[in-house]
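Here's a quick walk through a small model, written for someone who likes to know where the numbers sit. Have a look at the picture, then read on.

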Amino acid sequence: MACPLMMVFMMFGMKGHGHGSNSSNEQALQVQLNELKEQNDRMKEEIQKLSR
């Protein structure tokens, strides 16, 4: 669960340093962020199932 979250923080950190300054890069990052959020939600559900 930590790996996808770290990727999100790294993507936003890179954006602050001049990377991804145009709108197409921002859109690509947003798509990746949404995919990571969905993956994180699926992983949380799986962990809950395994904990039962």
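A residue is called buried when its relative accessible area is under 20%, exposed when that value is over 50%, and partly exposed in between. By that yardstick Leu33 is buried, because its relative accessibility is 7%. Bear in mind that this is a predicted model.

First, the overall layout. The protein chain has two helices and zero strands. Helix α1 covers residues 2-15, and helix α2 covers residues 23-51. With its 29 residues, α2 runs 42 Å from first C-alpha to last, close to the 42 Å expected at 1.5 Å a residue. Of the 52 residues in the protein chain, 13% are buried. The protein chain exposes about 4400 Å², and carbon and sulfur atoms supply 58% of that.

Which residues of α2 are buried? They are Leu33, Leu36 and Asn40. Now look at the spacing of those numbers: an α-helix has 3.6 residues a turn, so residues three or four places apart point the same way.

Leu33 belongs to α2, and it's a handy spot for seeing how parts far apart in sequence come together. Here are two C-alpha pairs that involve it:

| Pair | Separation along the chain | C-alpha to C-alpha distance |
|---|---|---|
| Leu33 and Met7 | 26 residues | 8.7 Å |
| Phe9 and Leu33 | 24 residues | 9.7 Å |

Is Phe9, the α1 partner in that second pair, buried or exposed? Phe9 counts as exposed, because its relative accessible area is 60% and the cut-off for exposed is over 50%. So Phe9 has its C-alpha 9.7 Å from that of Leu33, yet Leu33 is buried at 7% while Phe9 is exposed at 60%.

Phe9 also takes part in a surface feature. Together with Leu5 and Met6, Phe9 makes a nonpolar surface patch of about 330 Å².

There's a charged patch to look at too. Which residues form the negative surface patch? Glu35, Glu38, Asp41, Glu45 and Glu46 do. One of them, Asp41, sits in helix α2. Asp41 counts as partly exposed, because its relative accessible area is 42%, a value that falls between the 20% and 50% limits.

To recap the surface, there's a nonpolar patch that includes Phe9 and a negative patch that includes Asp41. On the buried side, α2 contributes Leu33, Leu36 and Asn40.

Key:
Residues numbered from 1 in each chain as written. Predicted model: local features only at pLDDT ≥ 70, side-chain atom pairs only at ≥ 80, totals over all residues. Heavy atoms only, no water. Patch = residues over 30% accessible without salt bridge, like charges linked within 9 Å, V, L, I, M, F, W, Y side chains within 5 Å. Areas by Shrake-Rupley, 256 points an atom, 1.4 Å probe, with all protein chains shown as cover. Salt bridge = Lys/Arg side-chain N within 4 Å of Asp/Glu carboxyl O. Helix = DSSP H or I, 4+ residues; strand = E, 2+ residues; numbered from the N terminus. Buried < 20%, exposed > 50% of the residue type's maximum accessible area, 1.4 Å probe, protein only. Lys, Arg positive; Asp, Glu negative; His and termini not counted. Charge placed at Lys NZ, Arg CZ, Asp CG, Glu CD. Expected span 1.5 Å × (residues − 1).
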